[in-house]
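Here are my notes on the model you sent over. I have put them as numbered points, so you can follow along with the structure open beside you.

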Amino acid sequence: MGRRPLTREDRRLWSRVERTLDKARARRAEAEPQPEPAPQAPPRFIKPAKLAKPVVQSPPPPARPTAHAAPHELEPRRQRRLARERDPIEARIDLHGLSRFQAQDALTSFLLTAQARGFRAVLVVTGKGSRGTPGVIRASVADWIAHPPLRLIVSGVSSAHRRHGGEGALYITLRRSG
């Protein structure tokens with residue numbers, strides 16, 4: 001019996017699994033002590049007459065610049081202006097009741113749409129979590145916006161004022177669409 005081709009949803013889920021594996025491997029590599037390099041013998045001198053061809057090393061490829069760094073904490077003045085509604089909160093989304101993957105998809109779609117419409121500041125309600133533990137969605141939002149495609153459009157993140165949801169909500173500022 002042959003294998004069926006992967007659907008779009010299968011590929012999306014598999015890419016998420018791969019990302020979690022990459023993160024786990026990176027954490028494991030950081031935790032493992034690195035062995036000390038063995039001392040190397042000094043290079044021997046070879047007379048030029050014995051060399052068949054000169055060895056020419058090519059320069060290393062230029063480093064690729066990153067498009068945008070991970071979003072920063074909002075400036076206190078900007079956060080205060082949003083809390084006092086001096087700067088408008090142009091859109092809101094409530095992620096209560098969604099699974100982690102549904103919330104990620106909803107947040108990604110919401111932020112991309114908001115930026116395309118020219119919005120500069122939005123409110124994301126994540127919830128506080130229960131029994132004194134941070135919510136899964138709240139804890140995941142920072143990771144989601146630190147990676148593409150959201151890293152390219154989010155300029156800052158901060159906890160919301162109590163009237164907007166306090167620790168259960170976030171102000172997110174967006175870059176201008178290019």
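Which elements do the buried residues of H4 pack against? I will take that first and then work outwards.

1. **The packing of H4.** Please keep in mind that this is a predicted model. The buried residues of helix H4 pack against H3, strand E4 (154-159) and E5. H4 itself covers residues 136-145, and its buried residues are Ile-137, Ser-140, Val-141, Trp-144 and Ile-145. These residues lie on the same side of H4, because they cover an arc of only 125° around the axis. Turn to the other side of H4 and you will find Ala-139 and Ala-142, which are exposed.

2. **A closer look at Ile-137.** Is this residue of H4 buried or exposed? Ile-137 has a relative accessible area of 9%, so it is buried, the cut-off being under 20%. Leaving aside neighbours within four places in sequence, Ile-137 is in contact with Leu-95, Leu-98, Ser-99, Ala-103, Thr-126 and Trp-144. One of these, Trp-144, is also among the buried residues of H4. If you want a distance to check on screen, the C-alpha atoms of Ile-137 and Val-125 are separated by 9.7 Å, and the two residues are 12 apart along the chain.

3. **Strand E3.** Val-125 brings us to E3, which spans residues 121-125 and is mostly covered, with five of its five residues buried. Which residues point which way from E3? Ala-121, Leu-123 and Val-125 point one way, while Val-122 and Val-124 point the other way. Residues on either side of the strand are buried.

4. **The partners of E3.** Strand E2 (residues 91-94) runs parallel to E3, and four bridges join the two. Within this pairing, Ile-93 stands opposite Val-124 of E3. Between E2 and E3 the chain passes through helix H3 (residues 100-116), making a β-α-β crossover that is right-handed. E3 is also joined to strand E5 (residues 169-174), this time by five bridges and in an antiparallel arrangement. Here Val-125 stands opposite Ala-169 in E5. E5 has come up before, as one of the elements that the buried residues of H4 pack against.

5. **Salt bridges around Arg-12.** How many salt bridges does the structure hold? There are four. Glu-9, Arg-12, Arg-16 and Asp-105 are linked in a network of them. In that network, Glu-9 pairs with Arg-12, with the closest N and O atoms 2.5 Å apart. Both sit in helix H1 (residues 8-31), and because they are three residues apart there, about one helical turn separates them. Arg-12 also forms a salt bridge with Asp-105, where the closest N and O atoms are 3.0 Å apart. This pair links distant parts of the chain, since Arg-12 belongs to helix H1 and Asp-105 to helix H3, 93 residues apart.

6. **How covered are these charged residues?** Glu-9, at a relative accessible area of 39%, is partly exposed. Arg-12 is partly exposed as well, at 25%. Asp-105 also counts as partly exposed, with 31% relative accessibility.

7. **The salt bridge of Arg-81.** Arg-81 forms a salt bridge with Asp-87, and the closest N and O atoms are 3.0 Å apart. Is Asp-87 buried or exposed? At 12% relative accessibility, Asp-87 counts as buried. Its partner Arg-81 is partly exposed, with a relative accessible area of 33%.

8. **The overall picture.** Stepping back, the protein chain has four helices and five strands. From the N terminus on, their order is α-β-α-β-α-β-α-β-β. Of the 178 residues in the chain, 27% are buried. Among the contacts with a separation of 6 or more, residues 24 or more positions apart account for 69%. The accessible surface comes to about 13,900 Å², and carbon and sulfur atoms hold 55% of that.

Methods
Residues numbered from 1 in each chain as written. Predicted model: local features only at pLDDT ≥ 70, side-chain atom pairs only at ≥ 80, totals over all residues. Heavy atoms only, no water. Buried < 20%, exposed > 50% of the residue type's maximum accessible area, 1.4 Å probe, protein only. Contact = heavy atoms within 4.5 Å. Areas by Shrake-Rupley, 256 points an atom, 1.4 Å probe, with all protein chains shown as cover. Pairing = 2+ DSSP bridges. Right-handed = clockwise from strand over helix to strand, strands pointing away. Arc of directions from axis to C-beta. Salt bridge = Lys/Arg side-chain N within 4 Å of Asp/Glu carboxyl O.
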